[in-house]
Amino acid sequence: MSSIRKTKKGIRYACGDAAAELLIASYAVKDFDRNATSEIICEIAELQVDALAKCSFVFDKVKSDYEDGKAYRTARRKYSSAAFRKLNEEVKTRMQAIVDKMNAAMPKQA
């Protein structure tokens, strides 16, 4: 199970790296579609803000709902693991769409 701090760091690094690669490519590659750059940067920023907002999970049960502390911790851990997996899949899907747009902005090889 990942911690919230590590997850937030990973999201920030991934979004920052994607934005940096896009800006480097837009200035370094001849015939790069610079009109798409600002749109893609905005999508990366939206992804980062949305993903960071979804990092805080709240388990809706309390310890007294379970017969002992072990059952409560197990249920809470399962809930957190499922929430992190769901967030990870969402970020991966949205980042792949962004990478596809970045690749589309590259010039076609002749």
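Is K70 buried or exposed? Select this residue to begin the tour of what is a predicted model: K70 is exposed, with a relative accessible area of 59%, and it belongs to helix 3, which covers residues 69–105. With K70 still highlighted, add K63, R73, R76 and R77 to the selection, since these residues and K70 gather in a patch of positive charge on the surface.

Next, move to helix 1, which spans residues 4–28, and select L23, a residue placed in that helix. L23 is partly exposed, its relative accessible area being 38%, and, once its neighbours within four places in sequence are left aside, it is in contact with T37 and I41. If you then display the C-alpha atoms of L23 and S38, you will find them separated by 9.4 Å, although the two residues are 15 apart along the chain.

Staying in helix 1, select S26. At a relative accessible area of 2%, S26 is buried, because buried means under 20%. Apart from neighbours within four places in sequence, its contacts are with F32, R34 and T37; T37 is thus a residue you have already met beside L23.

The last stop is D31, which lies in the loop between helix 1 and helix 2, the latter running over 35–53. Examine its backbone here, as the phi of D31 is near 65 degrees, a positive value in a residue other than glycine. D31 counts as exposed, with a relative accessibility of 59%, whereas S26 in helix 1 is buried.

Technical notes:
Residues are numbered from 1 along each chain as its sequence is written. This is a predicted model: local features need pLDDT of at least 70, side-chain atom pairs count only at pLDDT 80 or more; totals for chains, interfaces and linings use all residues. Side-chain values use heavy atoms; hydrogens and water are left out. Helices (H or I, at least four residues) and strands (E, at least two) are DSSP runs, numbered from the N terminus. Buried means under 20% relative accessible area, exposed over 50%, partly exposed in between (1.4 Å probe, protein chains only). Contact means heavy atoms within 4.5 Å. Patches are made of residues with over 30% relative accessible area and no salt bridge: like charges are joined within 9 Å, nonpolar side chains (Val, Leu, Ile, Met, Phe, Trp, Tyr) within 5 Å. Accessible areas come from the Shrake-Rupley method with a 1.4 Å probe; for residues, only the protein chains shown count as cover. A salt bridge is a side-chain nitrogen of Lys or Arg within 4 Å of a carboxyl oxygen of Asp or Glu. Lys and Arg count as positive and Asp and Glu as negative; His and the chain ends are not counted. The place of a charge is taken as NZ of Lys, CZ of Arg, CG of Asp or CD of Glu.
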